[in-house]
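Open the model in your viewer with the backbone shown as a cartoon. The stops below are meant to be taken in order, selecting residues as you go.

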Amino acid sequence: MDKTTVDITTGDGVADAYLVRPDGDGPFPGVLFFIDAFGLRPRIYEMADRIAERGYAVLAPNLLYRGGRSPLVDPAELAVPENRDAIFGRVMPLVKALSPDMITRDTAAYLDFFAAQDRVAAGPVVITGYCMGGRNAVRAIEAYPDRIKAAASFHGGGFVTEEPDSPHLRVGAVTGELYFGHADHDRSMTPEQICTLEAALDAAGVTYTSEVYEGAPHGFTMTDTAAYQEAGEQRHWVKLFDLLDRVHGTAS
């Protein structure tokens, strides 16, 4: 596969990103990969590569580039539960500072960059997001329903807030398909909030699937963190590839 680290110029600076494409002439359908708060690192490369092995071009930008280039934390620290508070103390101010307007502007830059790459198919992409990347993936498809045909969120949170720009209030803009793989007992996405999100999706007539992964903690897909759960991770791959292959029309 063709793997490279790239820089994407945005209105606020330069975002480092990982771009991977299968071997061959293509063109390959695009998958935009919205990462969690810990930056680009070996685990993200592994996940993007696994998607690319299925015949997709994948672009994974560092959403928190305003706080520095990746990695934002030492990957070796992530698997130690005792490091959790210190790590979140460093990254959460960056997560909270990433406004919906910033995500909207940045997503346009990511999509433009992706579309300009060789061997990437023209037309709408699919987006997948993890943790904070899940919430921002939904914000992205709400902002660009003509450029993003589907979005998947895994252990995402913050879809339902009291703010006027809460993601659940804007789902009516979505014309494509949504998938939510919720973590179990997630303080950032409670059962009540899941119900509110689903009610908003139903009222808007959005095509979606919303599932709780029983026993899976927030962050369950990330093998390099203390939150990893094998069953949840494997289920996530099945659901993600089902969505990608079906929406992109590549299912055999």
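Select Lys 3 and Val 20 in this predicted model. Val 20, in strand S2, is the bridge partner of Lys 3. Now widen the selection to residues 2–10, which make up strand S1, and residues 13–21, which make up S2. The two strands run antiparallel and are joined by nine bridges. Another position to pick out along this pair is Ile 8, which stands opposite Ala 15 in S2. Follow the backbone from S1 into S2: the connection is a hairpin of two residues.

Stay on these two strands and show the side chains of Asp 2 and Arg 21. They form a salt bridge, and their closest N and O atoms are 2.9 Å apart. Arg 21 belongs to strand S2 and Asp 2 to strand S1, so this contact ties together parts that are 19 residues apart in sequence. In general, side chains of opposite charge can pair when their charged atoms come close. The model has 19 salt bridges when a side-chain nitrogen of Lys or Arg must lie within 4 Å of a carboxyl oxygen of Asp or Glu.

Next, colour the whole sheet. In what order do its eight strands lie? The order is S1-S2-S4-S3-S5-S6-S7-S8, in an open sheet with mixed pairing. S1 and strand S8 (207–213) are at the edges with a single partner strand each, so each has one side without a neighbour in the sheet. From one strand to the next, the twist averages 20°.

Two helices on the sheet come next. Select residues 42–52, helix H1. H1 lies across S1, S2, strand S3 (30–34), strand S4 (57–61) and strand S5 (125–130), and runs at about 45° to S2. Then select residues 191–204, helix H5, which packs on the sheet and touches strand S7 (177–183) and S8. The direction of H5 makes about 165° with that of S8.

Turn to the largest pocket, which holds about 890 Å³ of space. Which residues are closest to its centre? Select Phe 88, Met 92, Cys 131, Ser 188 and His 218; these are the closest of the 36 residues that line the pocket. The lining of the largest pocket divides into 17 nonpolar, 10 polar and nine charged residues. Add helix H2 (84–97) and helix H4 (132–143) to the view, since each supplies at least two residues of that lining. H2 gives the most, with six residues.

The last stops are in loops, where backbone geometry is the thing to inspect. Select Gly 26 and Pro 27: the peptide bond joining them is cis, with omega about 0°. Pro 27 sits in the loop between S2 and S3. Move on to Ser 70 and Pro 71, which are also joined by a cis peptide bond, with omega about -5°. The loop between S4 and H2 contains Pro 71. Finish at His 155, in the loop between strand S6 (148–154) and S7. His 155 has a positive phi of about 40°, although it is not a glycine.

How values were computed. Residues numbered from 1 in each chain as written. Predicted model: local features only at pLDDT ≥ 70, side-chain atom pairs only at ≥ 80, totals over all residues. Heavy atoms only, no water. 1 Å grid on protein atoms, 1.4 Å probe; cavity = no way out; pocket = protein on both sides within 12 Å on 5 of 7 lines; lining within 4 Å. Points joined across faces, edges and corners; volume = space filled by probe spheres on them. Helix = DSSP H or I, 4+ residues; strand = E, 2+ residues; numbered from the N terminus. Nonpolar A, V, L, I, M, F, W, Y, C, P; charged D, E, K, R; others polar. Pairing = 2+ DSSP bridges. Axes fitted to C-alpha atoms, helices over the stretch in contact; angles between N-to-C directions. Contact = heavy atoms within 4.5 Å.
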